[in-house]
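Me: I am new to reading protein models. Please take me through this one, and tell me how each label is earned.

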Amino acid sequence: MRTMKCERIQELILTDHADGELDEKARRQVDEHIRACAPCAEFKRIADERLSAAVSCMAGEAAPAYLWGRIREKVSVPTREEKTLAGALARIVTRIGASFMRIPKPALAFAAAAMIFMVVMVGRPGHERHSVDAYLAEQMSFLVNLDADESNGASIFDTEIHSGVDSLL
Amino acid sequence: MAEIPSELVAQAAAGDMKAFEALYKATSSFVYNVALRITNNRNDADEVTQDVYVKVYDNLRAFGFRSSFKTWIYRITANTAINYCKKHARHIKGAVEYDPAVHDVEAPDTAGASLRAEDAQAHVTHLLEALDADQRACLVLREIEGLDYRSIAYTLKININTVRSRLKRARERLLAAGRKG
């Protein structure tokens, strides 16, 4: 006789029990019930037989060969978005992103490491940095002394040659 | 369906048609098969498959690898097929009357394997007519792709109990249709 418990067990036979969704303890309880209950055992036998027969033919249908041609035709037509400048830019950005994806990961890591090394070296105080500083200090000193020379009555065009000419006059 | 390499997806997203063709070849059996079982009609499956790949092509750039490509295409395929059925309401008629004339004809012993395969396909098509599109979608994702309840729920954006109840009704109807056959 089919009881409330049998109804529940048969629901599980069609769902969680069949699909492996029960935990170990629940699965064992359902199995024990099926072993002890002839109507549920018969229900399971029929369900397994008919359902496996029905679904065994469901897989394995390959797409017809002509479909790719149709799809290719549809996607090859540029969309309105692609015709616009924004669409073209978006495409370029995507291409750049994709080209990064194609670079092998070790090469990408090496390039990143090299870039970090260069940044660190340029930022570090070194002899190049000192020569730049010395040049700037020299230029500053020259500019400051321009005013000082004028205030002393000297012309910026005063040179030793001029002085020499003056002495001849 | 095997996982699809992200480099291939990125190349296809950049407009590389060879990469897109490779994507198609890797996924089309699954897409067509699911479309066929949900729509239960070959012409409709053709339409749905084309729609799926046009959507995939148009949205590849926005895909962004937030989920696996496989999960993404599961979702597009199942939802495109369900929406197609709902739009073309002829498919949604619940349990259809079983026609014994179709299934009482046994294949002759002399018939070849292809004839038996055709009979098997016709039988499956007839059984699936007893289900609605939502039930078929759950059933094919479970039976063809072996997705667990959580993955089916995620793919179809429904909760797990809905997956469970749709599978239960689908299988009850298949059993009833099988009994009549």
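**Labels and their reasons**

Reply: In chain A, 46% of the contacts with a separation of 6 or more join residues 24 or more positions apart. Contact means heavy atoms within 4.5 Å. This is a predicted model, where local features need pLDDT of at least 70, side-chain atom pairs count only at pLDDT 80 or more, and totals for chains, interfaces and linings use all residues. Residues are numbered from 1 along each chain as its sequence is written, chains are lettered from A and ligands numbered from 1 in the order in which they are written, and side-chain values use heavy atoms, with hydrogens and water left out.

Me: How many helices and strands are there in chain A?

Reply: Chain A has 9 helices and 0 strands. Helices (H or I, at least four residues) and strands (E, at least two) are DSSP runs, numbered from the N terminus.

Me: How do you know that the span of helix α2 of chain A agrees with its 13 residues?

Reply: The expected span is 1.5 Å times one less than the number of residues. For residues 24-36 that gives 18 Å, and the end C-alpha atoms are 19 Å apart, so the two agree.

Me: Which residues of α2(A) are buried, and why do they line one face?

Reply: They are V30(A), D31(A), H33(A) and I34(A). Buried means under 20% relative accessible area, exposed over 50%, partly exposed in between (1.4 Å probe, protein chains only). Seen down the axis, the buried residues fall within an arc of 160°, so they line one face of the helix. The arc is that of the directions from the helix axis to the C-beta atoms. On the other side, K25(A), R35(A) and A36(A) are exposed.

Me: What makes N40(B) buried or exposed?

Reply: Its relative accessibility is 11%, so N40(B) counts as buried. N40(B) sits in the loop between α2 and α3 (42-63) of chain B. N40(B) also has a positive phi of about 60°, although it is not a glycine. Most residues other than glycine have a negative phi.

Me: And what makes K157(B) buried or exposed?

Reply: The relative accessible area of K157(B) is 65%, so K157(B) is exposed. K157(B) lies in the loop between α8 (149-156) and α9 (160-180) of chain B. K157(B) has a positive phi of about 55°, and it is not a glycine.
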